Amino acid sequence: MKMASEISAPESDAGGANAPERIRRRLEQEIESGALAPGVALDEKQIAERFGVSRTPVREALLMLTTQKLVAVVPRSGMYVYRPDAAELISLLELLGELEAVAARLAAQRMNAEQRMALARLHEDMGRLASAQDKPAYEAANLALHRAVQQGCGNPSVREEIDAVRRRLASFRRHVFEQPGRLRSSHGEHEPLVLALVAGDAENAARAMREHIIGKGKAYADLVLANT
């Protein structure tokens, strides 16, 4: 089984009073990116050697990650990158859909004209990326679109909750765009969302976002089946 210590060469910049937070941030990034996959064992000693610190800050960092539900403690076994079962994965996707729907509803009411125009231009650019099957560029643009909606909602608390759920789903959701035809279907799902946001139609914006996140069932189910 791959261990956390195998992700990169030893890192000596994590010493000092901020070591637990530095280690937590690095491991969090690796969990989000998929470099540390769900179910990977996290060995305190090996992580400590990697970062050039004692086991105490590593233990503190891992405990912080457990409160974020990114790391799980298995009695008499150890610590592992958290891997939700199918039921929990579905519940997290449902929660994300509701949270992003709230953001879309608020954004439709609060975005200024410049923000709405920028969103429309981004959506148009994404259509070209989808047609060209440019997956890396589309993924980056897709994140930018969702970030624009979250910024436009004007509610930091909603953004924080969305970020927390997205972190827990990151290693699973990144597989969505690997499904054949998903770029074009994703862009098609954005169409009613962007139109509603530009028009200031709060309820239709929320509905379109909710349906997009859930993926109208298929991408949603495929995601769960491919990763359980």
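**Salt bridges and a cavity**

Biologist: Which residue forms a salt bridge with Glu30?

Modeller: Glu30 forms a salt bridge with Arg50, and the closest N and O atoms are 2.5 Å apart. A salt bridge here is a side-chain nitrogen of Lys or Arg within 4 Å of a carboxyl oxygen of Asp or Glu. The pair links distant parts of the chain, 20 residues apart: Glu30 is in helix H1 (residues 19-33) and Arg50 in helix H2 (residues 44-51). Helices (H or I, at least four residues) are DSSP runs, numbered from the N terminus.

Biologist: What kind of model is this, and how are residues numbered?

Modeller: This is a predicted model, in which local features need pLDDT of at least 70 and side-chain atom pairs count only at pLDDT 80 or more, while totals for chains, interfaces and linings use all residues. Residues are numbered from 1 along each chain as its sequence is written, and side-chain values use heavy atoms, with hydrogens and water left out.

Biologist: Are Glu30 and Arg50 buried or exposed?

Modeller: Both Glu30 and Arg50 are buried. Buried means under 20% relative accessible area, exposed over 50%, and partly exposed in between (1.4 Å probe, protein chains only).

Biologist: What about Lys135?

Modeller: Lys135 forms a salt bridge with Glu139, with the closest N and O atoms 3.3 Å apart. Both residues lie in helix H6 (residues 135-152), four residues apart, about one turn of the helix. Lys135 is partly exposed, at 27% relative accessible area, and Glu139 is partly exposed too, at 24%.

Biologist: How many salt bridges are there in the whole structure?

Modeller: The search finds 16. One of them joins Arg182 and Glu189, whose closest N and O atoms are 2.8 Å apart; both of these residues are buried. In addition, Glu21, Arg24, Arg25, Glu28 and Arg167 are linked in a network of salt bridges.

Biologist: New topic: how many cavities of 30 Å³ or more are there?

Modeller: There is one. On a 1 Å grid over the protein atoms alone, a cavity is a set of points where a 1.4 Å probe fits but cannot get out, and lining residues have an atom within 4 Å of a point. Grid points are joined across faces, edges and corners, and a volume is the space filled by probe spheres set on the points. The largest cavity holds about 90 Å³ of space. Among its 13 lining residues, Leu70, Tyr82, Arg167, Arg168 and Ser171 are the closest to its centre.

Biologist: Which helix gives the most to that lining?

Modeller: Helix H7 (residues 156-173) does, with five residues.

Conventions
Helix = DSSP H or I, 4+ residues; strand = E, 2+ residues; numbered from the N terminus. 1 Å grid on protein atoms, 1.4 Å probe; cavity = no way out; pocket = protein on both sides within 12 Å on 5 of 7 lines; lining within 4 Å.
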